[in-house]
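Here is a short report for a reader meeting this structure for the first time. Please look over the sequence and the 3D view before reading on.

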Amino acid sequence: MVPMRTVTLNNGVTMPQLGFGVFQVSEEDTYETVAEALRVGYRSIDTAAAYRNEEPVGRAIADSGIARDELFVTTKLWNDDQGYDAALAAFDDSLRRLGLEVLDLYLLHWPVPGKRLDSWRALERLAREGRVRAIGVSNFMPHHLDELLTRAEIVPAVNQIEVSPFLQQREARAASERRGIVVEAYSPLTKGQRLGHPVVGRVAREVGRTPAQVLLRWGIQHGMVVLPKSVHPPRIAENAALFDFALSPAAMAELDALEEGLVTGWDPREEP
Ligand code: NDP
């Protein structure tokens, strides 16, 4: 089993700094993929109602035999279900599909205009009722956070956004971190698009690791939670071996210089 590290959220809950992402993992593949991740040592799984694989995630967790309190499960409220009452109902549906009594982390998947504040009130209620241990947001840019924090009674525990050396989100990270909100980096491997970059390759050779491990370790050393996805067992293991090496300050500086505004998925910056 690989060594693992945790971060402490602003409500005292701890979560692994490495999570396993299951976006675009088919319903058929999810059970075995998650089971493999748990065998390797991942203890945090990042799914979403929109991924349509909460049910096999739940089965893989149940069959793993791992104690519930050693696992950290995240799911997300999809856009169609935003609004106060709809969010409460969608949470019940997600929990039932996952087969869990209490969720570890529930996120607003996207800052849906006109609805996100009501959705957040619903998440606050779920947190107060003890049905979820932490609540957070995803794809929130600084203006979304500013608005939310004028009304929120509970400060989000995390903000899950796309981050890699090629899309560093410095403003959104700073806006999150100065409020004690942990940043979770999604698509930390650039969906594979920059694994062949020469600087990443050179740093990888210098440190005796792979390009994927270098990108993930960069996020870890910046204090973020990283959420790689793979359906291939050797890569699942490779992506988890992050806590037995370090990048030098010089290597970090070289990676910090790779910003190019590379968005590989959707772009929340223009969402009002
Ligand atoms: P990633 O950056 O994790 O890249 C995944 C891609 O890289 C896949 O094609 C995978 O291929 C490949 N890959 C994985 N590991 C390696 C490796 N070691 N060497 C070479 N190639 C590799 O992209 P994702 O977009 O999947 O993001 C990860 C997670 O982040 C998601 O699963 C999800 O949990 C979360 N996310 C959240 C979003 C949000 O809006 N909140 C949006 C997007 C993602 P293969 O599987 O074939 O190995």
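Which elements make a β-α-β unit with strand 7? Helix 5 (residues 142–151) and strand 8 do, and the unit is right-handed. Note that this is a predicted model.

## The sheet

The strands form an open sheet of eight. Their order is 3-4-5-6-7-8-9-10, and the pairing is parallel. Strand 3 (20–21) and strand 10 (225–227) stand at the edges. Each has a single partner strand, so one side of each lacks a neighbour in the sheet.

At one edge, strand 3 pairs with strand 4 (residues 44–46). Two bridges join them in the parallel sense. Here G21 has D46 of strand 4 as its bridge partner. Helix 4 (residues 116–128) packs on the sheet. Helix 4 touches strand 5 (72–77), strand 6 (103–108) and strand 7. The direction of helix 4 makes about 160 degrees with that of strand 7.

## Strand 8 and its neighbours

Strand 8 covers residues 158–162. Is it enclosed or open? Five of its five residues are buried, so the strand is largely enclosed by the rest of the structure. The side chains split two ways. V158, Q160 and E162 point one way, while N159 and I161 point the other. Buried residues thus occur in both directions, because five of the five are buried.

On one pairing, strand 7 (residues 132–138) runs parallel to strand 8, joined by two bridges. V137 stands opposite N159 there. Strand 8 also pairs with strand 9 (residues 182–186), again in the parallel sense, over five bridges. In that pairing I161 stands opposite A185. The chain gets from strand 8 to strand 9 through helix 6 (residues 170–177). This β-α-β crossover is right-handed.

## Two loop residues with positive phi

Most residues other than glycine have a negative phi. Which residue between strand 7 and helix 5 departs from this pattern? N139 does: its phi is positive, about 65 degrees, and it is not a glycine. N139 lies in the loop between strand 7 and helix 5. Its relative accessibility is 1%, so N139 counts as buried.

S187 also has a positive phi without being a glycine. The value for S187 is about 45 degrees. S187 sits in the loop between strand 9 and helix 7 (198–207). At 15% relative accessibility, S187 counts as buried, since the cut-off for buried is under 20%.

Note on methods: Residues are numbered from 1 along each chain as its sequence is written. This is a predicted model: local features need pLDDT of at least 70, side-chain atom pairs count only at pLDDT 80 or more; totals for chains, interfaces and linings use all residues. Side-chain values use heavy atoms; hydrogens and water are left out. Buried means under 20% relative accessible area, exposed over 50%, partly exposed in between (1.4 Å probe, protein chains only). Helices (H or I, at least four residues) and strands (E, at least two) are DSSP runs, numbered from the N terminus. Two strands pair if DSSP finds at least two bridges between them. A crossover is right-handed if, with the strands pointing away from the viewer, the path from the first strand over the helix to the second runs clockwise. Contact means heavy atoms within 4.5 Å. Axes are lines fitted to C-alpha atoms, for helices over the stretch in contact, and angles run from 0 to 180 degrees between N-to-C directions.
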